[in-house]
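Good morning, and thank you for coming. I should like to take you through one protein model, beginning with its helix and moving outward from there.

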Amino acid sequence: MPEQDCRREGVRVAVRNADHIEAIVYTEQGVPEFCDEYEINLGGIKVNSNFSELKNNRVRVSLFNSKDQRVEIQSTIMSSSLRNSVIKFDPLNQEQYTVLCNMLTLQQPIDE
């Protein structure tokens, strides 16, 4: 199955603590960063963490929920400030695409 380039695909949604979809950002330089409030679409994730010293570095993003769904996506930190960081996902394979879509189905879209 070909990989899915989802850089701008999908509606951006907000995930909050009560949604029970956790994200963990694994870097080679430090302790994993746990996130339970973030913005996400099929192309990447915006977390409330400062990764400014790691801009352009490779990371692994792991997402899981209370229904035992889990997906791990290789990614790159695109930008970072004191308040948040934008992480771009590598193109998703079919399994990653399906699991991520299922996890985000009931999330509230962000009005732009």
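**The helix and its surroundings**

At the N-terminal end of helix H1, Asn93 acts as a cap, with a side-chain oxygen 3.1 Å from the backbone nitrogen of Glu95. Such a polar contact is a pair of N or O atoms within 3.5 Å; within protein, one must be able to donate a hydrogen and the other to accept it, and residues adjacent in sequence count only if both atoms are side-chain atoms. Please note that this is a predicted model, in which local features need pLDDT of at least 70 and side-chain atom pairs count only at pLDDT 80 or more, while totals for chains, interfaces and linings use all residues. Residues are numbered from 1 along each chain as its sequence is written, and side-chain values use heavy atoms, with hydrogens and water left out.

Helices (H or I, at least four residues) and strands (E, at least two) are DSSP runs, numbered from the N terminus. H1 covers residues 94-104, and its buried residues are Gln96, Tyr97, Val99, Leu100, Met103 and Leu104. Buried means under 20% relative accessible area, exposed over 50%, and partly exposed in between, with a 1.4 Å probe and protein chains only. The cover over these buried residues includes S1, S2, S4, S6, S7 and S8.

Which residues have the most contacts inside the largest nonpolar core? They are Tyr38, Ile40, Ile45, Leu63, Ile87, Phe89 and Leu100, in a core of 27 residues. A nonpolar core is a set of buried Ala, Val, Leu, Ile, Met, Phe, Trp, Tyr and Cys residues joined through side-chain atoms within 4.5 Å. H1 gives the most to this core, with 5 residues. Leu100 touches, among others, Ile40, Leu63, Ile73 and Phe89, where contact means heavy atoms within 4.5 Å.

Let us turn to the strands. S4 and S5 run antiparallel, joined by 4 bridges, and a hairpin of 2 residues connects them; two strands pair if DSSP finds at least two bridges between them. S5 also pairs with S8 in the antiparallel sense, over 4 bridges. Lys46 in S5 stands opposite Glu39 and also opposite Val86 in S8.

Finally, a word on confidence. pLDDT is the predictor's confidence in each residue, from 0 to 100. The mean for the protein is 86; among its elements, S7 has the highest mean, 96, and strand S9 the lowest, 66.

Key. Lists of a residue's contacts leave out its neighbours within four places in sequence.
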